[in-house]
Amino acid sequence: MHNSRSFPLFNVFFTSIFCLCQAFVCIALVSSEFRLWKSKNYMAIMRTVFQDEAAQLISSDLSEMGAAANKLAQHVINLGISGFGVSILELIASIAAIYLLILDRTNWKTNILTSLLIPYIFFSLPSWIFNVFRGEVGKWIALIAVVLRLFLPRHFPDWLELPAALILLIVVAPGLFANTCRSNAVGVAICLVIACYLLQEHIRASGGFRNSFTKAHGISNTVGIILLLVFPIWTLVLYIV
């Protein structure tokens, strides 16, 4: 009788222990799942924070690059507006005028129009070149040209007359023209008037604007005269602005 009563108590005891073990296992599983969820949530939060910081860094880098690009553009514009850009345009205009001056054949067929390039070169020549020819170098060239023209006219070709006249003009020009007019809007306005006059005379001699680009030497002359217009127009715009 004693043994038959002890079995139910024994079963209840082991059943209770088994239930407690299952409860501990469930608690452990829930705890592990909660830790895993918490770690995943933490990683997601950290990932979001990292992405936000990376986006902010990229945005700040892009803004700095944009500011640097704006500064570079402003510096380029200021450089173009400054004397360096004007000197480049002066050099291009002078080269174009010299190119038109030394052409063997031209559609103008008049010495007067070709002679107008001499004062244009005088007013558009860059200062560093102008000062070279205004100094001792130009004086020696002018002396040799005058001696050849006076005493050895047979050895003085016709195509040297206009270049010699340009050197003489640079050497003997008074300071009012060599210094004052060359450095202000007066010289630029003279260059603009000469370029416009040469362009309209060239178009008229060619028989129209279209023919000035199609006739013999028309394209080269037209492009050269258009280059003559770039320097005075740009410089006058800078004076106005």
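This is a guided tour of a predicted model, with a suggestion at each stop of what to select and a note on what is there.

**The whole chain**

Start with everything shown as a cartoon. The chain holds 10 helices and 0 strands, so there are no arrows to look for, and from the N terminus on the elements run α-α-α-α-α-α-α-α-α-α. Now colour by accessibility: of the 241 residues in the chain, 25% are buried. If you switch on contacts between residues at least 6 apart in sequence, 76% of them join residues at least 24 apart.

**Helix H2 and its link to Gly224**

Select residues 83-101, which form helix H2. Two residues here are good places to stop.

Pick Ala97 in helix H2. Is Ala97 buried or exposed? Its relative accessibility is 0%, so Ala97 counts as buried. Show what lies around Ala97: beyond its neighbours within four places in sequence, Ala97 is in contact with Leu117, Tyr120, Ile121 and Leu228. Then draw a distance from the C-alpha atom of Ala97 to that of Gly224; the two are 127 residues apart along the chain, yet 7.1 Å separates them in space.

Next, move to Tyr99, also a residue of helix H2. Tyr99 has a relative accessible area of 34% and is therefore partly exposed. Its C-alpha atom is 7.5 Å from that of Gly224, with the two positions 125 residues apart along the chain.

**Helix H4**

The contacts of Ala97 included Leu117, Tyr120 and Ile121, and these three are among the buried residues of H4. Select residues 117-124 to see the whole of helix H4. How many of its residues are buried? The count is 7 of 8, and the helix is mostly covered. To show them, pick Leu117, Ile118, Tyr120, Ile121, Phe122, Phe123 and Ser124.

**Helices H5 and H7**

Select residues 127-134 for helix H5 and residues 161-172 for helix H7. Two numbers are useful at this stop, since a pair of packed helices is described by the angle between the axes and the distance between them. For H5 and H7 the angle is about 90° and the axes are 8 Å apart. An angle from 65 to 115 degrees counts as roughly perpendicular, and H5 and H7 therefore fall into that class. Turn on side chains to see who meets whom: Phe130, Phe133 and Arg134 come from H5, while Ile167, Ile170 and Val171 come from H7.

While H5 is selected, pick Ile129, which sits in this helix. Ile129 has a relative accessible area of 16% and therefore counts as buried. From its C-alpha atom, draw a line to that of Leu91: the separation is 9.3 Å, and the residues are 38 apart along the chain.

**The loop residue Arg182**

Now go to the loop between helix H8 (175-180) and helix H9 (185-206), where you will find Arg182. Does a salt bridge accompany this buried arginine, or is it without one? Arg182 is buried and has no salt bridge; Glu90, the nearest side chain of opposite charge, is 5.6 Å away. A salt bridge needs a nitrogen-to-oxygen distance within 4 Å. What the side chain of Arg182 does reach is the backbone oxygen of Ala178, at 3.5 Å. Show its surroundings too: apart from neighbours within four places in sequence, Arg182 is in contact with Phe122, Phe123, Ser124, Leu125, Pro126, Ser127, Phe130 and Phe177. Phe122, Phe123 and Ser124 will be familiar from H4, and Phe130 from H5.

**The two salt bridges**

Where are the 2 salt bridges of the structure?

For one of them, select Lys139 and Glu136, whose side chains meet at 4.0 Å, N to O. The two are separated by about one helical turn, because they are 3 residues apart in helix H6 (residues 136-151). Lys139 is partly exposed at 43% relative accessibility, and Glu136 is exposed at 52%.

For the other, select Arg204 and Glu201, whose side chains meet at 3.5 Å, N to O. Both lie in helix H9, 3 residues apart, which is about one turn of the helix. Arg204 is exposed at 59% relative accessibility, whereas Glu201 is buried at 17%. Before you leave, add Gln200 to the selection: its side chain makes a polar contact of 2.9 Å with that of Glu201.

Technical notes
Residues numbered from 1 in each chain as written. Predicted model: local features only at pLDDT ≥ 70, side-chain atom pairs only at ≥ 80, totals over all residues. Heavy atoms only, no water. Helix = DSSP H or I, 4+ residues; strand = E, 2+ residues; numbered from the N terminus. Buried < 20%, exposed > 50% of the residue type's maximum accessible area, 1.4 Å probe, protein only. Lys, Arg positive; Asp, Glu negative; His and termini not counted. Polar contact = N/O pair within 3.5 Å; in protein donor to acceptor, adjacent residues only side chain to side chain. Contact = heavy atoms within 4.5 Å. Axes fitted to C-alpha atoms, helices over the stretch in contact; angles between N-to-C directions. Parallel < 35°, antiparallel > 145°, perpendicular 65-115°, else oblique.
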